Structure formats: structure tokens, C-alpha cells
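The following exercises ask the reader to work through one molecular structure step by step. Each task is followed by its solution.

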Amino acid sequence: MSSVLAPELETISWRRMDGPELVHAARAALAGPGVLRVSEFPTTTREYLRFLRAFGEPLRYYGSDAGTHPEASEIWQIKYDPESAARGETHALAGPLSAHSSQSLRDPRPRFFSMLMVNAGWQHLPLRTNGESVLAPWRLAVETMRADLGAAFDSVRQALLDEVPFPDGSSRTVAYQLASARSVDDLGIRLKSDLLPFLEQAWPMHRGTHAVRHLVDAAQKTALRISLQSGDLVLLDNDRWGHGRESVVGTAQNLGGELTLNPRELWSVTID
Ligand SMILES: [Fe+2]
């Protein structure tokens with residue numbers, strides 16, 4: 001087992017600070033641990049984007065228009081949708097989403113990623129089925145791999161720094177050096193949620209496949225898991241932190257036998 005300690009998630013209340021003070025505190029948290037939570041944040045698209053613009057430019061959502069918020073093209077609105085879940089769309093699925101990076105194919109990497117929980121939805125279900133957020137500090141995952149893999153670690157780390165085939169036909173490195181690195185294990189990571197399933201299917205013997213599997217396992221073991229409340233905003237360094245979530249139960253039958261939908265709603269924005 002590793003002796004590495006998990007970082008704390010710093011939380012600031014939106015009500016207790018004025019705008020400039022909040023931005024200042026958030027910048028300090030991003031430059032330090034690389035993540036923070038702002039609680040009691042207003043759940044309006046206007047306030048959300050206004051706050052995020054203090055950190056850079058919110059990018060237009062890159063996927064299909066289906067998830068775009070009707071009020072703002074920068075916001076991706078994540079709600080349980082039985083039709084897109086049936087089509088197997090990522091994020092629409094009820095199952096867990098392992099830690100991944102925002103816009104993993106974009107170069108240079110977008111600097112920040114944010115989520116705002118608008119409606120936490122059903123929170124009474126068994127642990128890890130309430131859509132708990134998964135926040136994965138990559139440095140901690142790499143340090144844990146170093147502690148667990150012993151002599152095999154150096155070649156696994158190098159395999160992450162060498163190019164591997166990506167599902168879009170390109171070759172890219174999963175890990176990259178950061179100009180502001182604080183240690184040899186403080187690497188930037190780009191991880192698409194479909195990368196490991198793709199590598200396992202198309203390149204089962206590739207050393208990169210083996211290395212990515214170790215990284216995903218280590219991130220799974222070391223990630224923070226938090227139940228976001230409605231009005232909780234998370235802002236994170238997209239080089240240093242992956243994000244994901246535990247399972248969500250999308251539908252349930254009420255006492256009258258009618259099918260009801262989980263009202264969970266999350267907004268996400270990538271900032272460059
Ligand atoms: Fe995501």
C-alpha cells in the first residue's frame with residue numbers, strides 16, 4: 001500500500017465572500033492543490049459563466065448539440081435521459097464514469113474544468129449509486145503506481161509518456177510534462193473515457209495498454225468521492241485532475257407504478 005495522503009477538498013461559501021475575494025481565493029486554490037468547491041452558488045447560467053470568465057474563456061461545447069444548454073452554448077447540461085442512455089452515449093449512461101479529462105483531444109490542453117450541481121437528484125440510494133462525483137488527482141495516482149509497482153514503475157511511466165493509438169486514429173501521449181511540475185510524478189494527463197476499452201480491444205498487447213490500465217486502477221483507488229449538493233460548484237485544473245462519477249439510477253417506479261425520472265442535473269464547462 002502507498003503511504004501517500006489524499007489532498008483535502010477546499011470549500012468556500014459563495015455567500016460569505018464578495019466576487020473579487022472569491023476569485024482571488026479560487027485562483028490560490030487552483031495554483032495550490034488544483035481544485036476547490038464553492039458552495040451555495042446561484043444556479044443560473046449568467047452567474048455561472050460570469051464567475052468562470054474570471055479564469056479564462058469558456059469553450060463552446062464540442063460534442064453534439066443535444067447536450068448544449070438552451071441558454072448558453074458553453075454549458076453542457078447533463079441530465080439522465082433514457083433515450084440517449086439506450087443509445088449508449090457517454091455521460092448519459094447510468095453506470096459509473098471513471099476519471100477522465102475534459103476535451104482530451106484538444107491541444108493545447110484546456111486549463112480548467114468546472115461542474116455546477118443544479119439539482120443533486122436522488123441521494124437516498126446505496127453508496128456509489130447516487131452519482132457521487134469522482135475527483136482524481138493524477139499526481140497521487142502516479143505516486144501510488146510508483147509505490148505499488150516497484151521496479152516495473154519506470155517502464156510503465158515511460159509508456160504513458162510515449163505515444164499510444166487513440167480511438168480517433170491519432171497517436172498521442174497520455175502523460176505530458178508540465179512546465180510548473182513540482183515533482184517527477186506531477187505529470188499532466190489526458191485520458192478519454194473510451195481510451196482503455198479501445199486499447200484493450202484493439203491493442204491488447206501494447207505496453208501503453210498495460211500502462212493506461214495501471215493508471216486507471218490507481219486513479220480509481222486514490223480519487224476523492226464527494227456528494228455534491230445543489231449549488232455546489234467545482235473548479236479544477238484539467239492537467240492535474242480527472243473527473244468522473246459513480247452510478248446514477250435514472251428511473252424508478254413510484255407507489256402508483258408510474259415511471260419517474262431522477263431529476264439530477266449538472267452543468268459542466270471547459271475553460272481555456
Ligand atoms: Fe466529463
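Helices and strands are here DSSP runs, a helix being H or I over at least four residues and a strand E over at least two, numbered from the N terminus. On that basis, Glu40 is found in the loop between β2 (35–39) and α2 (45–52). The model is a predicted one.

**Exercise 1. Confidence and overall form**

Task: Establish what the mean pLDDT of the protein is, and which residues have pLDDT under 50.

Solution. Step 1: the mean pLDDT is 92, and 93% of the residues reach 70 or more. Step 2: residues 1–5 stay under 50, and the model has nine contacts for them beyond four places in sequence. Step 3: where pLDDT is low, the predicted coordinates should not be read in detail.

Task: Compare the radius of gyration of the protein with that of a compact globule.

Solution. Step 1: for 272 residues, a compact globule would have a radius of gyration near 19 Å. Step 2: the protein has 19 Å, which agrees with that expectation. Step 3: the C-alpha trace spans about 55 × 45 × 35 Å along its principal axes. Step 4: of the contacts with a separation of 6 or more, 75% are between residues 24 or more positions apart. Step 5: buried residues make up 36% of the 272 residues, and the secondary structure comprises seven helices and 17 strands.

**Exercise 2. The setting of strand β14**

Task: Determine how many residues of strand β14 (residues 241–245) are buried, and identify the strands that pair with β14.

Solution. Step 1: a residue is buried if 20 or more other C-beta atoms lie within 10 Å of its own. Step 2: five of the five residues of β14 are buried, so the strand is largely enclosed by the rest of the structure. Step 3: Trp241, His243 and Arg245 point one way, while Gly242 and Gly244 point the other way. Step 4: strand β7 (residues 133–137) runs antiparallel to β14 and is joined to it by five bridges; here Pro137 stands opposite Trp241. Step 5: strand β5 (residues 97–100) also pairs with β14 in the antiparallel sense, over two bridges, and Leu97 stands opposite Arg245.

**Exercise 3. A helix pair**

Task: Describe the packing of helix α6 (residues 195–202) and helix α7 (residues 207–222).

Solution. Step 1: two packed helices are described by the angle between their axes and the distance between the axes. Step 2: the axes of α6 and α7 come within 9 Å and cross at roughly 145°. Step 3: the crossing is left-handed. Step 4: Leu195, Leu196, Leu199 and Glu200 in α6 meet Gly208, Thr209, Val212, Arg213 and Val216 in α7.

**Exercise 4. Backbone exceptions**

Task: State where Glu40, Gln103 and Pro108 lie, and characterise the backbone there.

Solution. Step 1: most residues other than glycine have a negative phi, and most peptide bonds are trans. Step 2: Glu40, in the loop between β2 and α2, has a positive phi, near 60°. Because 14 C-beta neighbours lie inside 10 Å, Glu40 counts as partly exposed. Step 3: Gln103, in the loop between β5 and β6, has a positive phi near 45°. With 18 other C-beta atoms within 10 Å, Gln103 is partly exposed. Step 4: Pro108 is placed in the loop between β5 and β6 (112–119), and the peptide bond from Asp107 to Pro108 is cis, with omega near -5°.

Notes. Residues numbered from 1 in each chain as written. Predicted model: local features only at pLDDT ≥ 70, side-chain atom pairs only at ≥ 80, totals over all residues. Buried ≥ 20, exposed ≤ 12 C-beta atoms within 10 Å, placed from the backbone. Pairing = 2+ DSSP bridges. pLDDT = per-residue confidence, 0-100. Contact = placed C-beta atoms within 7 Å. Rg over C-alpha atoms; globule rule 2.2 N^0.38 Å. Axes fitted to C-alpha atoms, helices over the stretch in contact; angles between N-to-C directions. Left-handed = near helix turned anticlockwise from the far one by under 90°.
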